[in-house]
Amino acid sequence: MNDFLDFGLINVQKILFVASEAHPLIKTGGLGDIVGSLPAALKSLHADVRLLLPAYRDAVTRAGKFKTIAALNIPGLDSPVNILETNLPGTSVITWLADFPKAYDRPGNPYLDPHGQPWSDNAMRFGLLSHVGAALALGHSRIKWRPDVVHCHDWQTGLVPVLLAREKSRPATIFTIHNLAYQGLFPYQTFTALGLPPDLWSPGALEFHGQLSFIKGGLLFSDQLSTVSPTYALEIQTPEHGCGLDGLLRVRAAHLSGILNGIDFSEWNPTRDPFIDKHYSVRRPKNKATNKLALQKKLGLLPENKMPIIGMVGRLVEQKGIDLMLDTLPALMLRPLQLAVLGSGETTYEEALRQQAVRYAGRFAVHIGYDEQLAHQIEAGADMFLMPSRFEPCGLNQLYSLRYGTIPIVRRVGGLADTVVDATEENIRVGKATGIVFQEAGASALLTSVDRALALWRDRDRWKCLMRAGMRQDFSWHRSAQDYLKLYREARRLG
Ligand code: ADP
Ligand code: GLC
């Protein structure tokens with residue numbers, strides 16, 4: 001009955017997303033992809049979703065047109081925060097940008113300064129975002145629209161549920177963990193500077209080993225918790241992957257669910273991707289070869305069709321296992337393959353990659369930086385895609401790879417374990433295999449799995465089976481968006 005009502009117009013759920021990034025306004029990783037695509041998917045299921053982001057300089061520029069619709073007075077600030085209204089480009093999702101120039105009007109990365117260090121005022125910047133989210137949720141502005149549910153994403157929004165939990169009449173709250181390793185930890189002085197109520201300074205609230213933890217706010221004070229794959233939902237309840245918060249998450253296990261991320265097929269679709277050289281599809285995969293040649297040309301790789309290209313795209317941080325790839329590089333280069341890497345992140349990895357690219361010129365290409373177009377071209381032009389992650393809450397690149405007929409080679413963790421089916425004899429025989437999955441986070445396991453991939457690559461019929469099975473997978477938002485609607489109802493029931 002409820003389902004029926006909710007899919008009709010009788011009980012439209014009103015949801016406010018609060019997040020620190022959303023593609024195409026601002027993106028540093030998968031969070032941006034998700035917050036940029038889930039609202040539209042929910043809207044297509046008749047939810048009324050609006051989005052709140054900081055008015056970063058780049059986001060305001062990309063938004064183009066906007067109008068100022070309200071001014072909010074936030075405790076502790078000497079001037080109001082303006083709310084700029086725009087649409088998330090390419091969608092009808094109403095998007096509000098919290099405009100407070102001192103906090104957000106600066107160039108570059110939303111989290112890091114030009115030296116790659118966190119902005120020194122991040123606690124203030126994201127504390128402010130949380131205050132604005134709570135104020136909008138409670139109707140403390142000219143805006144009449146009031147949400148039934150506030151959906152918060154990652155530590156930057158962790159104080160929203162804290163602020164709302166103290167109110168008698170409030171919307172329900174959901175906090176989604178995209179990455180438990182990033183927690184928003186700050187010294188005690190920040191806790192006092194933010195003017196948070198003193199009773200919140202305790203291990204049962206926001207204190208975490210003598211520091212202020214933004215993420216604990218989300219984990220403890222929201223009505224429901226979710227994370228971005230079923231396996232990661234289990235993993236974070238263990239000491240190995242719990243980042244010190246596994247105990248808390250076990251206590252909240254009844255309110256924690258794992259909902260797999262979806263991908264935006266209008267952005268990531270080899271049949272109409274504007275960034276790639278030639279379009280192709282599961283029925284006509286031939287043009288993939290043209291994209292391979294174009295990629296080789298662009299990156300200075302030898303125009304060799306007999307060798308597979310292994311692609312890698314991502315943040316260059318320990319999580320992604322980039323060091324494992326670097327450790328195995330000399331051995332990899334003894335094999336008939338090429339590697340194309342796109343990423344940015346820790347300086348030591350960037351430098352090591354650059355050096356190796358000189359050493360193995362023609363076989364190993366590296367592009368340091370953030371390049372949306374090249375990310376698409378690697379997905380289309382590579383034959384295989386490597387993700388040796390130490391942990392991976394969901395991972396989106398393996399999903400893009402499946403769609404692009406680029407066989408993923410992944411570690412069996414988190415969302416990678418949930419989305420890639422290993423090419424065992426049996427799985428290949430029944431047409432289920434979509435990639436290569438390995439267990440250990442070590443150089444030799446990585447090498448063995450690449451060897452498995454190379455052996456399959458030589459067996460063209462089997463390789464095509466894998467490509468077809470992968471390209472036919474449906475990781476669109478449809479099912480996951482419905483799961484979120486159910487979760488919103490559950491949160492409202494409890495809230
Ligand atoms: P994470 O969120 O941990 O970084 P995901 O796999 O969920 O990992 O998503 C990463 C997203 O960011 C993908 O859309 C990927 O293509 C994109 N991305 C990461 N690094 C780069 C880069 N250097 N250039 C272009 N896109 C990138
Ligand atoms: C995080 C995770 C990644 C996930 C993304 C979107 O950044 O590292 O695995 O896909 O968020 O949920």
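Start with strand 13 (309-316): in this predicted model, strand 13 gives the largest share of the shell around ligand 1, three residues. Keep strand 13 coloured and add helix 2 (30-44), strand 14 (338-345), helix 14 (372-381) and helix 15 (397-403), each of which also supplies at least two residues of that shell.

Next, colour by domain. Select 6-262 plus 477-494 for domain 1 and 288-471 for domain 2; both give residues to the shell, so ligand 1 lies between them.

Now show the shell itself as sticks. There are 21 residues around ligand 1, and the ones that come nearest are Gly30, Asp33, Arg315, Lys320 and Gly369. By type, the shell divides into six nonpolar, eight polar and seven charged residues.

Zoom in on three contacts:

- Asp33: a polar side-chain atom sits 2.5 Å from an oxygen atom of ligand 1.
- Lys320: an N or O atom of the side chain is 2.7 Å from an oxygen atom of ligand 1.
- Asp371: here a backbone N or O atom lies 3.0 Å from a nitrogen atom of ligand 1.

Switch on a surface at this point: the protein covers 94% of the 560 Å² of accessible area that ligand 1 has on its own.

For the last stop, move to the second largest pocket, which holds about 510 Å³ of space. To find its centre, select Ile74, Pro75, Gly76, His131 and Leu194, the nearest to it of 22 lining residues. Then highlight helix 5 (residues 122-137), which gives the most to this lining, with six residues. Colour the lining by type and you will have 14 nonpolar, six polar and two charged residues.

Methods
Residues are numbered from 1 along each chain as its sequence is written. Chains are lettered from A and ligands numbered from 1 in the order in which they are written. This is a predicted model: local features need pLDDT of at least 70, side-chain atom pairs count only at pLDDT 80 or more; totals for chains, interfaces and linings use all residues. Side-chain values use heavy atoms; hydrogens and water are left out. On a 1 Å grid over the protein atoms alone, a cavity is a set of points where a 1.4 Å probe fits but cannot get out, and a pocket is an open set with protein on both sides within 12 Å along at least five of seven lines; lining residues have an atom within 4 Å of a point. Grid points are joined across faces, edges and corners, and a volume is the space filled by probe spheres set on the points. Helices (H or I, at least four residues) and strands (E, at least two) are DSSP runs, numbered from the N terminus. Ala, Val, Leu, Ile, Met, Phe, Trp, Tyr, Cys and Pro count as nonpolar, Asp, Glu, Lys and Arg as charged, and the others, Gly among them, as polar. A residue is near a molecule or strand if one of its heavy atoms lies within 4 Å of it. A polar contact is a pair of N or O atoms within 3.5 Å; within protein, one must be able to donate a hydrogen and the other to accept it, and residues adjacent in sequence count only if both atoms are side-chain atoms. Accessible areas come from the Shrake-Rupley method with a 1.4 Å probe; for residues, only the protein chains shown count as cover. Domain bounds come from an automatic or database domain assignment.
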